[in-house]
Amino acid sequence: MKKVVFTIDLEEFDTPLDHGIKIDLEEQLKVSTEGMLRLKDFFDTNKIPATIFCTGQYAIRNKQLMKDLAACHEIGSHTMYHGSFDPKIDLVKSREVLSKITGQQILGFRMPRMANVQARDILEAGFAYSASINPTFIPGRYNNLNKPKFPFREDGLLQIPATVSPLIRFPLFWLSFKNLPLCLYQIFANNSLNYYETINLYFHPWEFADLSSYEKIPKFIRKISGKDLLLKLSNFTDWLRTKNVIFTTFEKVYLNYD
Ligand SMILES: [Zn+2]
């Protein structure tokens, strides 16, 4: 049976800072929550479980929402803060903070911006897997064309790469979903489902907030947001159902939890 894992990076909405736009922490959290509530409603209605990587900072400020999400979804770590990272402190601290708030054992880790973190550090901090590799080439960010496309072990840590198309390694990540016509994205998704059996896709809650007022953010990031993006996601999941896929979480697919 083919499987799809939706992964969500629940973080402070700090994208404007990358583009020289001031935004305070309160607003960053507010925008993310607006989108997360919209996504949660969609997942609840459609009975879709997801793997949600959350920053410790966001979880501390939104404890009840995290408890509610943990009832239906797998919670993983997206470090303590989206904008700064100390591997000696933030890996363990984020795991402990998230575990305490949600009551879940926190097994998964994803590094903000898919940046490189030593596998050994992640394992030693108590995580079972990392989903922080996008095995493709993103100009200005990373070149992972030499990394495996399928899950693999590195220094004992399970590495689960983001899904890229089988041949040209076209990334099926959030920017592709937003910018490609859905029919074209579905061709890549279909090829990937046939090749891998299990695919994973990643989004951010803030994409599902209304971003129309953030005019200085480049269009390829905010071109479709809020309800319009959710409608596209809804059409996509309807199409996935015609392929008889199971929606599931990393924990269930790769760690034999049920
Ligand atoms: Zn992130």
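Student: Before we look at helix H10, what makes a residue buried or exposed?

Tutor: A residue is buried if 20 or more other C-beta atoms lie within 10 Å of its own, and exposed if 12 or fewer do. In this predicted model, the buried residues of H10 are Leu 229, Leu 233 and Leu 240. Seen down the axis of H10, these residues fall within an arc of 40°, so they line one face of the helix. On the other side of H10, the exposed residues are Leu 231, Asn 235, Asp 238, Arg 241 and Thr 242.

Student: What do the buried residues of H10 pack against?

Tutor: They pack against strand S1 and helix H7, the latter covering residues 174–179.

Student: Which residues of H5 are buried, and where do they lie around the axis?

Tutor: In H5, Asp 90, Leu 91, Ser 94, Arg 95, Val 97, Leu 98, Ile 101 and Thr 102 are buried. They cover an arc of only 170° around the axis, which puts them on the same side of H5. Among the elements that cover them are strands S2 and S3 and helices H3, H4 and H6. Just after H5, Gly 103 takes a positive phi of about 75°.

Student: How many residues has the largest nonpolar core, and which strand gives the most to it?

Tutor: In soluble globular proteins, nonpolar side chains tend to be buried together. Here the largest nonpolar core has 59 residues, and those with the most contacts inside it are Ile 52, Cys 54, Ile 75 and Tyr 129. Strand S1, residues 3–10, gives the most to this core, with five residues. Leaving aside its neighbours within four places in sequence, Cys 54 is in contact with residues including Leu 10, Ile 75 and Leu 98.

Key
Residues are numbered from 1 along each chain as its sequence is written. This is a predicted model: local features need pLDDT of at least 70, side-chain atom pairs count only at pLDDT 80 or more; totals for chains, interfaces and linings use all residues. A nonpolar core is a set of buried Ala, Val, Leu, Ile, Met, Phe, Trp, Tyr and Cys residues joined through C-beta atoms within 7 Å. Helices (H or I, at least four residues) and strands (E, at least two) are DSSP runs, numbered from the N terminus. Two residues are in contact if their C-beta atoms, placed from the backbone, lie within 7 Å. The arc is that of the directions from the helix axis to the C-beta atoms.
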